Amino acid sequence: MKLSISSTTSRCIILPLLILYILLYPLLPAGSQFINKGGTVTVDPSPYFLLGSNLTVYCHVRECKRSYKISLDLNGVTVKDRKEVNCNLAKFYLPNVHMPQSFVVCKLRGVQSTKIVTGLDLHGGLPPDKPEDIICEVTRSSDFIGCLWKSGQKTYLPTTYNISVNRENGTQIYLDQIQNAEEIKIPRGIVDKTKKYQLIITAYNHFGVSQSNPFILCVKEIVIPETPHITNVEFENGSISAVLQWKTTDLSVHLKPYVRLCTYNSSWDVREETELSDTLIRVGDLTPLTEYEFQVRTCNSTFRVNHITVPSFTPGPTSSQRLPCSKWSSSVLARTPGKGPSQRLSVWRVFNSQQNVTVFWKIKEVTCREASCHSSVLVPAAVQTLSISAVTSYGSSPPADVPLRHSGEVGPVLRQPAPAANGSAVYVSWSWPQTKSWSTSGGEVLLHYVVQWRSVPATKLWWQEVEKNQNSTSITGLTAGVRYNVSLFAVTTRGVTAPSSVLIYSKEQKPASGPNLTVLLHEAKRIQILWDELPVNQQRGFITSYTLYIQTLDSSNQALRGEQ
């Protein structure tokens, strides 16, 4: 029986090392052999070293083979910095090693084969930092006191923490040990709830020891509310605000709830939200169609920090210097519903004929494809206004009126446009005739302006709504060398004014070609020539003049005759 246990233990120890070796060296070169302990590997100062240390590795083979060369691999890479001491011994230099876990393999390399002698694990690490920010807390119903601390930087080595609890006179009443952790549970029954104790945490590993400042532990000062539970999450009708229902077994009357929430892959957002009742909280400012993770905790709203002086103890943090709050509840997941559009559409219209109208719309909250942002409708002559709303499965936007009638008034006049330097925008402005005045007692009221533009020849139409208190705007997204027809309309309570229009280029360019010429009359001293006007898309700017060139057949020179 004893032999069986020993054999099993040996297999359990050897197997992980073999797996590690296979991972590091899955395929050996052709002709390689594995020699079990054909020599030794030693490390100076030690296989356990402080990160950043300079190491010297000695590779010693038992059998001297003149046709082989001693080499060393570090994590599968051959170490070049070596010195051969003799036929059986070579040393290798590893400067400034910062890798916590490494593996060295000593080899004999020949012309036709490589023999693996032995290997060794290297363990780099750091001494433990001083444990800090100690926190201890317990609920009224718990049999254990939970203590947490911050261990500091990662040591990369097994680090043990000794936790001791002492009376005021220094007598130790409790000692426990835990490895590679930042929390421990202390039996509540070992301490008197009215007395003060000293808690000390000592961290140690291969490279050193570090001790925390004493923490003053008094059970009656670390009691926190019981952990609450979220029992239900609902979303109010027509809203994406969540209403959380929660409960707790704590009978304290001065508990204030706090909520924290997060979405996938985001950090926690802690909030103090509106309490609808003792067990209901409303959580607002949520994003539609998003899954949230909710947690709740409670804090004693009447708590005040008291500074306690304990002469017999070394000064240190005390358990009374924290707001007594419960632990966060278990998470509850809930997905917000969709939200119907709440803003009124911006709308415009263009008459294709007396009764055929194309209606256009825009809205910030809903993105629509270009082809679905307008529609043509037949409108009876008696209809003066259309109403349009954006409708989703979660609601509709307020209706927006599309005016169809003309106001019969003269509208504002466009000033000379100013192209931008980048050639893709034009600044336009306008003014009203001096005789125009707006009524302040129920007469005609200005609602807004509409600037409309389309390329020439007419293709796609663009437009934008401008607030009534503005008299200018910028038209962007224009193409240099393309002519645009810009029109300005004023929309009032009586209808739409007559447009003020102007032709513009965001940037003029030279013509794409010359005109086609036709000779109408050719006499001894007179020629009559006719040319066609260039198509607009080839003009690429406003044509200001034509230059005529005449060349006789027996001359290579062109004679300038004049401009038209």
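**Exploring the structure by question**

Me: Which word fits E272, buried or exposed?
Reply: Let's start with the cut-offs: buried means under 20% relative accessible area, exposed means over 50%, and partly exposed is in between (1.4 Å probe, protein chains only). The relative accessibility of E272 is 53%, so E272 counts as exposed.

Me: What number does the residue numbering start from?
Reply: This is a predicted model, where local features need pLDDT of at least 70 and side-chain atom pairs count only at pLDDT 80 or more, while totals for chains, interfaces and linings use all residues. Side-chain values use heavy atoms, leaving out hydrogens and water, and along each chain, as its sequence is written, residues are numbered from 1.

Me: How far apart along the chain are the partners in the salt bridge of E272 and K256?
Reply: A salt bridge puts a side-chain nitrogen of Lys or Arg within 4 Å of a carboxyl oxygen of Asp or Glu. For E272 and K256, the closest N and O atoms are 3.2 Å apart. E272 sits in the loop between β23 (269-271) and β24 (274-277), and K256 in strand β22 (residues 255-262), so the pair links parts of the chain at a separation of 16 residues.

Me: Which other residue meets K256 in a salt bridge, at 3.4 Å from N to O?
Reply: Look in strand β24, as a salt bridge of 3.4 Å, N to O, joins K256 to E275. K256 lies in β22 and the partner in β24, so parts that are 19 residues apart in sequence are tied together. With a relative accessible area of 35%, the partner is partly exposed, and its name is E275.

Me: How many salt bridges are there?
Reply: In general, side chains of opposite charge can pair when their charged atoms come close. By the 4 Å rule, the count of salt bridges comes to 13.

Me: How many residues separate D133 and K150 along the chain?
Reply: D133 and K150 form a salt bridge, with 3.6 Å between the closest N and O atoms. D133 belongs to strand β11 and K150 to strand β12, and their separation is 17 residues.

Me: What is the relative accessible area of K150?
Reply: Its partner D133 is partly exposed, at 48%. K150 is exposed, with a relative accessible area of 53%.

Me: How many disulfides does a search of the whole structure find?
Reply: A disulfide is a covalent bond between the sulfur atoms of two cysteines. Here, a pair of cysteine sulfur atoms within 2.5 Å counts as one. Searching the whole structure this way gives a number of disulfides equal to four.

Me: How far apart in sequence are the parts tied together by C59 and C106?
Reply: The sulfur atoms of this disulfide are 1.4 Å apart. C59 is in strand β4 (residues 53-61) and C106 in strand β9 (residues 101-109), so the link ties parts whose separation in sequence is 47 residues.

Me: What is the relative accessible area of C59?
Reply: Its partner C106 counts as buried. C59 is buried too, with a value of 0%.

Me: Which strand holds C147?
Reply: C147 is joined by a disulfide to C136, at 2.1 Å from S to S. With 110° about the S-S bond, the link is right-handed. C136 lies in strand β11, and the pair ties together parts that are eleven residues apart in sequence, because C147 lies in strand β12 (residues 144-150).

Me: Where does C325 lie?
Reply: C299 and C325 form a disulfide with sulfur atoms 1.9 Å apart. The torsion about its S-S bond is about 110°, so it is right-handed. The pair ties together parts 26 residues apart, because C299 is in strand β26 (residues 291-300) and C325 is in the loop between β26 and β27 (332-335).

Me: Which strands stand at the edges of the open sheet of four strands?
Reply: Strands here are DSSP runs of E, at least two residues long, while helices are runs of H or I with at least four, all numbered from the N terminus. Two strands pair if DSSP finds at least two bridges between them, and this open sheet has the order β2-β4-β8-β7 with antiparallel pairing. One side of each edge strand is left without a neighbour in the sheet, because a single partner strand is all that each has: β2 (39-44) and β7 (82-84).

Me: Which residue in β8 stands opposite K83?
Reply: β7 and β8 (residues 89-97) run antiparallel and are joined by three bridges. Opposite K83 stands K91.
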